[in-house]
Protein chains: 2
Amino acid sequence: MRLTTKGRYAVTAMLDLALNAENKPISLADISRRQDISLSYLEQLFSKLRQQGLVSSVRGPGGGYKLSRDAEAICVAEIIDAVNESIDATNCGGSGNCSDGQICLTHHLWCDLSDQIHQFLSSISLAGLVARNDVREVAERQNRERDREQTLEFIGAGGA
Amino acid sequence: MRLTTKGRYAVTAMLDLALNAENKPISLADISRRQDISLSYLEQLFSKLRQQGLVSSVRGPGGGYKLSRDAEAICVAEIIDAVNESIDATNCGGSGNCSDGQICLTHHLWCDLSDQIHQFLSSISLAGLVARNDVREVAERQNRERDREQTLEFIGAGGA
DNA sequence: TTATAGTTGACTAAAGTAGTAGGGAATTAG
DNA sequence: CTAATTCCCTACTACTTTAGTCAACTATAA
């Protein structure tokens, strides 16, 4: 089982999309700035998210990505699956040929664990996250920081 | 978060100990044969398990490893922690400096997930696993296979 | 027509996994 | 005593994944 920066970045970026969606697409450059994630890396992640039908893209100036469904209808488990292959905890991928073609001693344990994790992450939608107080607070802080950075850029203190 | 063959091997090996313990120590060579895990790799894992006080060792002929506590008092979470560092799902290790020194959008989500997994794996003891039907069945099959292999060795059909 | 923004593919450094190899050191059965 | 057994320890390695860079290309809006 893997749960690394890859899956966490994907969820964070999708949440950023859900938070900042005002009907218009959001560019990866914006997400990159707000969430401090490498732009090129985001491109790779969103390529997979698009293939899985979680987001749709608009090219050209003013373009970007939008959620392709309501935030209520996208759960965290889907997002991690989309970029990470699986959140399966077994070694055999659930097939049961773990130990020399036969089921291993702990096969059912890992199946149970996989179910637990999957149920938990399936029960959490982007809309559910958006509604959380701790998420709103972080989002507001990020918007304040971004506004300040833009001001600094404008008066010439930020760039080269 | 990591849950790989390493942690699974450790739990499987500890369960083998719990199943086959008849007061006398079990050699890693036995576990290696029964569970089809490389002996050298088992040695590395048991080095950590011993450092964490989960098993105690007896050297010399007839030696091996024993659980250093009752099987009721050893949970799966401990075993994985012992070999794997942690089953923490956050990027920051729980410290909260995930994104540029500040808490990230999804920090609390990963904390909640870590709690879920930890609670689940803490609720399962080796004794609990030993009592499961699916575990007993696999263990019996493994014992049958081992007996057959020993017979083959004895009549000279197995070795060099 | 030009800057913007997505799309794609190749590449890379670093880290972790799953081992292998080989030499010890303690202990005990014979 | 000695030889076999078993734990103990270190170093090494092939492989995979992660996280990220770079460069070229396509669509599109202003």
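**Entry 1: DNA strand C**

I looked up which atoms of DNA strand C lie within 4 Å of the protein: 69% belong to sugar or phosphate, and the rest belong to bases. The model is a predicted one, in which local features need pLDDT of at least 70 and side-chain atom pairs count only at pLDDT 80 or more, while totals for chains, interfaces and linings use all residues. Residues are numbered from 1 along each chain as its sequence is written, chains are lettered from A and ligands numbered from 1 in the order in which they are written, and side-chain values use heavy atoms, with hydrogens and water left out.

I then listed the residues near the strand (a residue is near if one of its heavy atoms lies within 4 Å). There are 26 residues around DNA strand C, and R50(A), S57(A), Y65(A), T5(B) and Q44(B) come nearest. By class, I noted eight nonpolar, twelve polar and six charged residues on this surface. In this scheme Ala, Val, Leu, Ile, Met, Phe, Trp, Tyr, Cys and Pro count as nonpolar, Asp, Glu, Lys and Arg as charged, and the others, Gly among them, as polar.

Next I checked polar contacts to the strand (pairs of N or O atoms within 3.5 Å; within protein, one atom must be able to donate a hydrogen and the other to accept it, and residues adjacent in sequence count only if both atoms are side-chain atoms). The side chain of S57(A) has a polar atom 2.7 Å from a phosphate oxygen of DNA strand C. K6(B) uses a backbone N or O atom, 2.9 Å from a phosphate oxygen of the strand. The elements that give two or more residues to this surface are helix 3 (39–51), strand 1 (55–58) and strand 2 (64–67) of chain A together with helix 1 (5–20) and helix 3 (39–51) of chain B. Helices (H or I, at least four residues) and strands (E, at least two) are DSSP runs, numbered from the N terminus.

**Entry 2: DNA strand D**

I repeated the search for DNA strand D and found 27 residues around it, the closest being T5(A), K6(A), S40(A), S57(B) and Y65(B). Of the strand's atoms within 4 Å of the protein, 64% belong to sugar or phosphate and the rest to bases. A side-chain N or O atom of S57(B) is 2.7 Å from a phosphate oxygen of DNA strand D. S38(A) has a polar side-chain atom 3.0 Å from a phosphate oxygen of this strand. By class, I noted eight nonpolar, 13 polar and six charged residues near DNA strand D.

**Entry 3: aromatic pairs**

I counted four aromatic pairs over all chains. Rings of Phe, Tyr and Trp (its six-membered ring) pair if their centres lie within 6.5 Å; planes under 30 degrees apart count as stacked, over 60 as edge-to-face and the rest as tilted. Y9(A) and Y41(A) form an edge-to-face pair, 6.0 Å centre to centre with 75 degrees between the planes. This pair links distant parts of the chain, helix 1 and helix 3 of chain A, 32 residues apart. The rings of F46(B) and Y65(B) have centres 4.8 Å apart and planes at 45 degrees, so I logged the pair as tilted.

Is F46(B) buried or exposed? F46(B) counts as buried, at 0% relative accessibility (buried means under 20% relative accessible area, exposed over 50%, partly exposed in between; 1.4 Å probe, protein chains only).
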